[in-house]
Amino acid sequence: MPAVSKGDGMRGLAVFISDIRNCKSKEAEIKRINKELANIRSKFKGDKALDGYSKKKYVCKLLFIFLLGHDIDFGHMEAVNLLSSNRYTEKQIGYLFISVLVNSNSELIRLINNAIKNDLASRNPTFMGLALHCIANVGSREMAEAFAGEIPKILVAGDTMDSVKQSAALCLLRLYRTSPDLVPMGDWTSRVVHLLNDQHLGVVTAATSLITTLAQKNPEEFKTSVSLAVSRLSRIVTSASTDLQDYTYYFVPAPWLSVKLLRLLQCYPPPDPAVRGRLTECLETVLNKAQEPPKSKKVQHSNAKNAVLFEAISLIIHHDSEPNLLVRACNQLGQFLQHRETNLRYLALESMCTLASSEFSHEAVKTHIETVINALKTERDVSVRQRAVDLLYAMCDRSNAQQIVAEMLSYLETADYSIREEIVLKVAILAEKYAVDYTWYVDTILNLIRIAGDYVSEEVWYRVIQIVINRDDVQGYAAKTVFEALQAPACHENLVKVGGYILGEFGNLIAGDPRSSPLIQFNLLHSKFHLCSVPTRALLLSTYIKFVNLFPEVKATIQDVLRSDSQLRNADVELQQRAVEYLRLSTVASTDILATVLEEMPPFPERESSILAKLKKKKGPNTVTDLEEAKRERSADVNGGPEPAPASAAGLHTGRLRACAGRSWTRLSAHSPPFGRGTLAWEASVLSGLLCGRSVFRTFFPVQSTPSPSADLLGLGATPPAPAGPPPSSGGLLVDVFSDSPSAVAPLAPGSEDNFARFVCKNNGVLFENQLLQIGLKSEFRQNLGRMFIFYGNKTSTQFLSFTPTLICSDDLQTNLSLQTKPVDPTVDGGAQVQQVVNIECVSDFTEAPVLNIQFRYGGTFQNVSVKLPITLNKFFQPTEMASQDFFQRWKQLSSPQQEVQNIFKAKHPMDTEITKAKIIGFGSALLEDVDPNPANFVGAGIIHTRTTQIGCLLRLEPNLQAQMYRLTLRTSKEAVSRRLCALLSEQF
Amino acid sequence: GRAQPRPRPAAAMQFMLLFSRQGKLRLQKWYVPLSDKEKKKITRELVQTVLARKPKMCSFLEWRDLKIVYKRYASLYFCCAIEDQDNELITLEIIHRYVELLDKYFGSVCELDIIFNFEKAYFILDEFLLGGEVQETSKKNVLKAIEQADLLQEEAETPRSVLEEIGLT
């Protein structure tokens with residue numbers, strides 16, 4: 001046992017730890033621990049009151065046991081008791097225990113918070129420090145509730161000790177991260193900014209972290225920090241290495257603070273010219289120092305110096321406005337690419353990736369291509385090779401795509417398994433993006449499948465099919481190439497899939513050559529059939545039926561195959577079903593029908609490449625940006641026009657499918673498991689993203705059967721937004737392009753009211769659309785609660801930045817309607833969709849609607865859009881069925897003048913009975929049939945649920961066809977409710 | 001026009017782990033809320049990943065959506081998880097400064113010091129890093145705070161019997 005060196009030797013604890021260390025087996029350890037737990041438990045329960053020291057010792061033992069990985073279910077109370085001890089170390093152990101083993105036990109939380117409160121009020125800096133550390137370590141919402149108001153006061157109070165200020169700053173930061181809504185902004189913020197000028201560098205360091213985080217969310221409030229941070233930084237980087245005394249680390253002045261200040265500046269765009277000049281000087285000084293001979297040989301010196309350098313380069317890249325600095329940064333990183341320190345090579349590769357996306361430095365980065373390729377071949381550490389792959393991907397453009405793709409393909413042959421899939425994705429994307437000659441693209445993808453077939457995900461082979469189908473200039477070549485590739489005795493199953501699909505579509509283009517006649521094609525595919533998995537076989541069966549249409553001369557051969565027992569009686573129900581149905585189809589259908597049903601696939605509407613989406617998902621969206629996209633050149637020339645027409649499951653092939661799904665297919669499937677659910681059901685199932693209909697087309701249309709992660713749940717992008725969306729032509733006008741102040745809320749977009757009214761009787765659809773942005777809604781309500789999913793779709797190919805949707809409720813509305821939501825990611829990638837969930841509670845009846853304000857930056861301009869969010873009182877309706885007698889009895893009960901509201905109005909839409917019924921049901925009330933003596937009238941009943949009450953509502957709508965008028969009567973127990981419901985419903989007819 | 005630069009989110013250290021070459025966890029500090037189960041899973045995975053790496057490999061690796069920065073000192077691995085935008089090199093020096101603090105406090109620190117005085121290791125860490133951010137980089141100031149606490153302790157402590165000390169009463 002080592003000598004316990006300092007402070008409080010708890011010898012009992014040391015003995016116990018020794019015992020544990022001496023245990024020869026896990027069992028012995030557990031036995032020893034159980035013995036100790038029993039001992040401690042009896043001490044805690046014993047009659048003899050324990051003194052502080054013993055309590056501390058036992059609590060410390062429990063903590064040790066817990067940290068060994070064992071569960072601890074008692075001792076919390078004793079730890080809490082220690083918090084109120086006057087002895088520092090007892091208190092300290094108590095706090096440590098609480099910090100490590102937080103328990104959400106509400107009773108304890110109250111006691112803990114009480115003890116913390118006392119310590120914060122004690123004015124004893126050591127005790128205050130302990131309490132603040134505990135809050136920062138636990139950081140729970142309960143603690144934020146209790147202390148988020150108090151800590152800013154401690155932080156800015158004139159008489160607070162420096163060390164306490166430091167703890168208070170970081171404590172507040174932690175609470176802000178957990179519960180930003182509970183940290184009130186206020187007068188204190190400007191005083192916090194001035195801590196950047198504090199004498200004490202420790203205070204400045206802690207405050208900078210806090211300010212950086214706060215500034216991200218409240219840039220306006222903290223913008224004065226920019227010039228203060230630049231001054232501070234300037235003083236640090238120009239100071240002599242001894243000026244800052246203990247804040248100099250291995251001859252580098254205040255490296256941690258420097259990094260933090262540089263990080264803070266990355267929250268803002270380049271500052272005004274005056275400040276900017278000083279900042280540029282600082283950055284130049286940092287770059288110059290990198291070239292100076294080292295002041296020490298210690299790695300700590302070089303690390304600290306380079307930490308500042310890399311952060312400075314990050315800032316230079318972030319500003320992306322000083323070509324001179326960008327090129328210098330690139331040259332500096334170029335030196336590091338060949339440095340003997342692996343760490344620096346790694347970081348240089350990583351940092352260059354971001355430089356590659358700046359138009360100023362893209363070319364400079366490209367000059368290092370040979371070094372990077374060499375790194376790919378020679379680096380011994382896979383994490384470094386990974387960075388090299390990333391950088392090659394980032395520096396790729398039309399000029400070097402062939403070389404880079406070739407290098408990546410050759411690296412793939414020996415690449416580490418852990419990064420193969422990612423390389424495959426990257427190669428597939430680059431090959432598509434920079435393909436001028438599509439034969440090169442087809443060759444590349446087939447090579448990918450050959451070299452790394454197992455790592456070629458569905459997205460990749462779906463994509464090659466999508467592209468081949470969309471480009472008729474490459475179809476013949478693709479057919480010929482897959483045919484040749486399939487000649488290999490052992491080819492990857494993915495190749496069979498691609499081959500089967502492409503020959504099924506375009507086999508006719510090579511059938512003229514006797515070496516690839518229809519029968520030879522068929523035999524070649526069928527020779528692979530038995531080696532393949534069920535999904536591939538299912539796909540091949542579909543190829544065969546396509547062949548029946550393409551090549552009547554092999555029809556009999558194929559029918560024989562379909563008729564064989566191994567197909568017709570296949571144990572797999574999918575295969576059996578296909579065989580039965582295809583055989584039947586080939587027998588009964590006329591040539592015309594065959595030709596229609598089995599016609600060549602129509603082009604796929606273009607949207608974001610599903611591969612790119614996959615890579616983004618794998619790597620996080622930030623890593624996949626590139627220069628080309630920034631320049632908005634995005635593969636417009638590859639597929640389809642420059643406008644990325646949205647498309648998803650529902651939009652594809654409906655025309656063709658509807659014809660057969662409705663008629664012949666359903667009949668055909670009479671003697672097989674059900675498939676094809678009829679047009680409506682089919683569409684509905686696709687719309688909801690659930691492809692559960694057992695359609696044979698499922699596997700033949702691979703691209704639609706796996707919606708990419710970004711595919712819209714609602715099919716918003718797909719269905720023509722006719723009933724919901726405003727005319728797209730008015731799009732540009734809806735955006736307030738003049739205002740450039742992020743704080744001002746735009747006036748409601750024109751058409752917002754109309755759109756709002758459309759949502760009164762429905763919950764899903766497109767709320768707003770212009771040329772840039774589409775907002776879709778999907779909501780559900782139950783009793784007084786609701787949840788709304790807001791989908792923001794970026795219709796452009798450029799990122800939206802600082803994307804900030806805000807829900808605005810008037811004070812009045814706020815008390816009656818509670819809305820809760822979380823902020824969304826401030827960046828929305830081109831073509832991407834982000835979702836925001838709003839939890840809704842109706843507290844009491846309300847009249848107004850919340851406003852949804854969306855602000856973002858697009859291509860350098862500020863965009864500001866406001867729309868009314870359709871959360872209306874009727875959403876909290878629960879329909880009530882009742883008989884005629886009951887209805888009229890209640891109707892009479894609600895006959896006082898305040899309870900009834902009536903409106904007579906002209907019909908705005910054709911007076912169609914069915915539509916009217918649907919609207920009343922959509923409104924939320926029950927539609928009561930056979931209640932009104934006049935069958936032309938409509939009668940409804942329901943209950944509005946709020947948190948506080950339930951309000952029964954009856955309604956009656958009397959149409960007058962001749963006059964094209966309606967009379968609507970609402971009776972409820974509350975006048976305001978009657979009036980609101982009447983107003984809402986009147987707008988619907 | 002070109003896109004405006006987007007603010008780079010500030011990020012903090014997510015957690016710090018100290019473990020031995022045998023894979024025994026010696027200190028764990030979590031700066032993000034996670035369940036015990038998740039913590040154990042992360043620890044297991046990371047210890048395995050880091051121990052499998054050869055010497056001279058670089059000190060950084062991507063792991064899940066985090067970056068791991070680690071360094072070995074004698075028999076102990078110090079391992080920090082930071083976010084994507086964080087500065088790897090400065091994190092490496094956070095580790096080094098912490099080692100220096102331990103070293104100065106214990107006087108040539110070894111793994112056993114950290115085992116037997118684990119609570120001190122936590123206290124020193126809290127003075128240095130709070131909520132995943134550097135609180136005080138001055139070695140002098142951190143140690144002053146800890147030593148003051150030790151002084152408070154010695155004044156308050158009363159001697160106790162040997163039997164009591166070894167937990168036999």
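Trainee: Is A:Lys480 buried or partly exposed, and what is its relative accessible area?

Mentor: Happy to start there, keeping in mind that this is a predicted model. Buried would need a value under 20% and exposed one over 50%. A:Lys480 falls in between, so it counts as partly exposed, with a relative accessible area of 42%.

Trainee: Which residue forms a salt bridge with A:Lys480?

Mentor: Look along helix H26 (residues 472–485) of chain A, where the partner sits 4 residues away, about one helical turn. That partner counts as partly exposed, at 46% relative accessibility. The closest N and O atoms of the pair are 3.7 Å apart, and the residue you want is A:Glu484.

Trainee: How many residues apart are A:Arg947 and A:Glu841?

Mentor: Their side chains meet in a salt bridge, 2.8 Å from N to O. A:Arg947 is in the loop between strand S14 (938–945) and strand S15 (950–960) of chain A, while A:Glu841 belongs to strand S8 (residues 833–842) of chain A. A:Glu841 is buried, with a relative accessible area of 18%. The pair links distant parts of the chain, and the separation is 106 residues.

Trainee: Which residue of chain B meets A:Arg387 in a salt bridge?

Mentor: Side chains of opposite charge can pair when their charged atoms come close. A:Arg387 lies in helix H21 (residues 382–395) of chain A and its partner in strand S3 (residues 60–63) of chain B, so the pair joins two chains. A:Arg387 counts as buried at 3% relative accessibility, whereas the partner counts as partly exposed at 36%. The N to O distance is 2.9 Å, and the partner is B:Glu62.

Trainee: Which residues are linked with A:Arg387 and B:Glu62 in a network of salt bridges?

Mentor: Start from the pair itself, A:Arg387 and B:Glu62, whose side chains meet at 2.9 Å. The network takes in further residues of chain A, and they are A:Asp390, A:Glu422 and A:Lys426.

Trainee: How many salt bridges are there between chain A and chain B?

Mentor: One of the pairs across the two chains is B:Arg53 with A:Asp381, where the closest N and O atoms are 2.7 Å apart. Over all chains, the count comes to 51 salt bridges. Between chain A and chain B, the number is 6.

Trainee: What is the area buried between chain A and chain B?

Mentor: The contact takes 104 residues from chain A and 82 residues from chain B. Of the area that chain A buries against chain B, A:Asp246, A:Trp256 and A:Arg263 supply 9%, more than any other three residues. Carbon and sulfur atoms give 52% of the area between the chains, which is about 8000 Å².

Trainee: Which helix gives the most to the side of chain A that touches chain B?

Mentor: Between the chains there are 29 residue pairs in polar contact. The residues on that side of chain A divide into 40 nonpolar, 39 polar and 25 charged. With 11 residues, the element that gives the most is helix H16 (residues 299–319).

Trainee: Which two residues touch the most other members of the largest nonpolar core?

Mentor: In soluble globular proteins, nonpolar side chains tend to be buried together. Here the largest nonpolar core has 275 residues, and its largest share, 11 residues, comes from helix H2 (residues 88–106) of chain B. One of the two residues touches A:Tyr95, A:Ala131, A:Cys134, A:Ile135, A:Met143 and A:Phe147, leaving aside residues up to four places away in sequence. The two are A:Ile116 and B:Tyr98.

Trainee: What distance separates the C-alpha atoms of A:Ala749 and A:Lys868?

Mentor: A:Ala749 lies in the loop between helix H40 (702–705) and helix H41 (752–758) of chain A. At 5% relative accessibility, A:Ala749 counts as buried. A:Ala749 and A:Lys868 are 119 residues apart along the chain, and their C-alpha atoms are separated by 8.7 Å.

Trainee: Which residue does a polar contact join to A:Asn755?

Mentor: A:Asn755 lies in helix H41 of chain A and counts as buried, at 3% relative accessibility. The contact joins side chains at 2.7 Å, and the residue at the other end is A:Arg758.

Definitions and conventions: Residues are numbered from 1 along each chain as its sequence is written. Chains are lettered from A and ligands numbered from 1 in the order in which they are written. This is a predicted model: local features need pLDDT of at least 70, side-chain atom pairs count only at pLDDT 80 or more; totals for chains, interfaces and linings use all residues. Side-chain values use heavy atoms; hydrogens and water are left out. A salt bridge is a side-chain nitrogen of Lys or Arg within 4 Å of a carboxyl oxygen of Asp or Glu. Buried means under 20% relative accessible area, exposed over 50%, partly exposed in between (1.4 Å probe, protein chains only). A nonpolar core is a set of buried Ala, Val, Leu, Ile, Met, Phe, Trp, Tyr and Cys residues joined through side-chain atoms within 4.5 Å. Contact means heavy atoms within 4.5 Å. Buried area is the accessible area (1.4 Å probe) that two parts lose on being put together, summed over both. A polar contact is a pair of N or O atoms within 3.5 Å; within protein, one must be able to donate a hydrogen and the other to accept it, and residues adjacent in sequence count only if both atoms are side-chain atoms. Ala, Val, Leu, Ile, Met, Phe, Trp, Tyr, Cys and Pro count as nonpolar, Asp, Glu, Lys and Arg as charged, and the others, Gly among them, as polar.
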